[in-house]
Amino acid sequence: MNLNESFHLVTHSQAYQQWITKNKDSFLCSFFRIREKNPDPPLQVDFYDPKKDTISSFVVDHGIVTLQQDGVEALKKKEEVIQQLHLEHVKLSEEEAMTLVRDVLERDYPQEQIIKFIIILQCKEQARWNISAIMHSLHLFNVKIDAATGNILDKSFTNLLGFVQKQDE
């Protein structure tokens with residue numbers, strides 16, 4: 001099921017229809033998915049309410065929509081503005097973005113074994129895919145891809161153990 005179909009399924013679900021009556025200012029802000037071995041993992045669809053500064057999340061799992069989290073405080077820097085995600089600006093599908101990421105991984109890090117992918121579609125100045133691959137070697141590969149053009153905006157490869165040590169200091 002593609003993003004437009006999932007979004008349509010959510011916004012036409014009974015759970016969403018009940019929820020939106022109390023959250024009229026909310027707008028689509030992101031999609032989130034974790035891919036491991038499951039070929040069709042659940043997709044989280046997030047809506048931001050700027051007046052309450054909260055995010056509510058619906059999960060689509062095999063065509064079933066459930067309200068996962070309702071009105072959770074938005075995780076962001078105080079000055080950060082969460083932008084509305086417009087699906088008409090998304091030209092690159094999740095599969096196309098994943099193909100780009102896998103191509104870079106195979107070319108630049110062929111020795112690495114992937115444990116899981118964390119996939120986010122969000123809007124930060126433009127619609128972008130923010131995809132992280134967690135490696136068996138405890139490295140993290142992150143790539144940000146323009147969802148309209150497919151251009152790679154940024155990429156990094158870091159050691160997760162170094163990140164944990166910095167957090168503990």
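In the predicted model, Lys52 has a relative accessibility of 47% and therefore counts as partly exposed, since that class lies between the limits of 20% and 50%. The side chain of Lys52 forms a salt bridge with that of Asp49, with an N to O distance of 4.0 Å. Asp49, by contrast, has a relative accessible area of 4% and is therefore buried, as the value falls under 20%. This bridge thus joins a partly exposed lysine to a buried aspartate.

In total, 9 salt bridges are present in the structure. One of them pairs the side chains of Arg35 and Glu95 at 2.5 Å, N to O. Because Arg35 belongs to strand 1 and Glu95 to helix 3, this pair ties together parts of the chain that lie 60 residues apart in sequence. Arg35 counts as buried, at 14% relative accessibility, whereas Glu95, at 41%, counts as partly exposed. Both residues also belong to a network of salt bridges that links Arg33, Arg35, Glu94 and Glu95.

A further salt bridge is formed by the side chains of Lys124 and Glu80, with an N to O distance of 3.0 Å. This pair, too, links distant parts of the chain, for Lys124 is located in strand 5 and Glu80 in the loop between strand 4 and helix 3, with 44 residues separating them. Lys124 is partly exposed, with a relative accessible area of 34%, and Glu80 likewise counts as partly exposed, at 26% relative accessibility.

With regard to the nonpolar interior, the largest nonpolar core comprises 35 residues, among which Phe31, Trp129 and Ile131 have the most contacts inside it. A second core, separate from this one, consists of 6 residues and includes Cys29, Tyr48, Ile55 and Ile82. When neighbours within four places in sequence are left aside, Phe31 is in contact with Leu3, Phe7, Leu43, Gln44, Val45, Leu85, Leu87, Ile119, Ile120 and Leu121.

The largest pocket encloses about 770 Å³ of space. Its lining is made up of 27 residues, of which Ser30, Ile55, Leu75, Ile82 and Gln122 are the closest to the centre; Ile55 and Ile82 are also members of the second nonpolar core. At least two lining residues are supplied by each of strand 1 (27-35), strand 2 (43-49), strand 3 (54-61), strand 4 (64-73), strand 5 (114-124) and strand 6 (126-135). By class, the lining of the largest pocket contains 11 nonpolar, 7 polar and 9 charged residues.

The second largest pocket holds about 270 Å³ of space. It is lined by 16 residues, and those nearest its centre are Met1, Asn2, Leu3, Ser93 and Glu94. Two or more residues of this lining come from each of helix 1 (3-11), strand 1 and helix 3 (94-108). The lining of the second largest pocket divides into 7 nonpolar, 3 polar and 6 charged residues. Two of the residues nearest the centre of this pocket recur in the interactions described above: Leu3 is in contact with Phe31, and Glu94 takes part in the salt-bridge network with Arg33, Arg35 and Glu95.

Key:
Residues are numbered from 1 along each chain as its sequence is written. This is a predicted model: local features need pLDDT of at least 70, side-chain atom pairs count only at pLDDT 80 or more; totals for chains, interfaces and linings use all residues. Side-chain values use heavy atoms; hydrogens and water are left out. On a 1 Å grid over the protein atoms alone, a cavity is a set of points where a 1.4 Å probe fits but cannot get out, and a pocket is an open set with protein on both sides within 12 Å along at least five of seven lines; lining residues have an atom within 4 Å of a point. Grid points are joined across faces, edges and corners, and a volume is the space filled by probe spheres set on the points. Helices (H or I, at least four residues) and strands (E, at least two) are DSSP runs, numbered from the N terminus. Ala, Val, Leu, Ile, Met, Phe, Trp, Tyr, Cys and Pro count as nonpolar, Asp, Glu, Lys and Arg as charged, and the others, Gly among them, as polar. Buried means under 20% relative accessible area, exposed over 50%, partly exposed in between (1.4 Å probe, protein chains only). A nonpolar core is a set of buried Ala, Val, Leu, Ile, Met, Phe, Trp, Tyr and Cys residues joined through side-chain atoms within 4.5 Å. Contact means heavy atoms within 4.5 Å.
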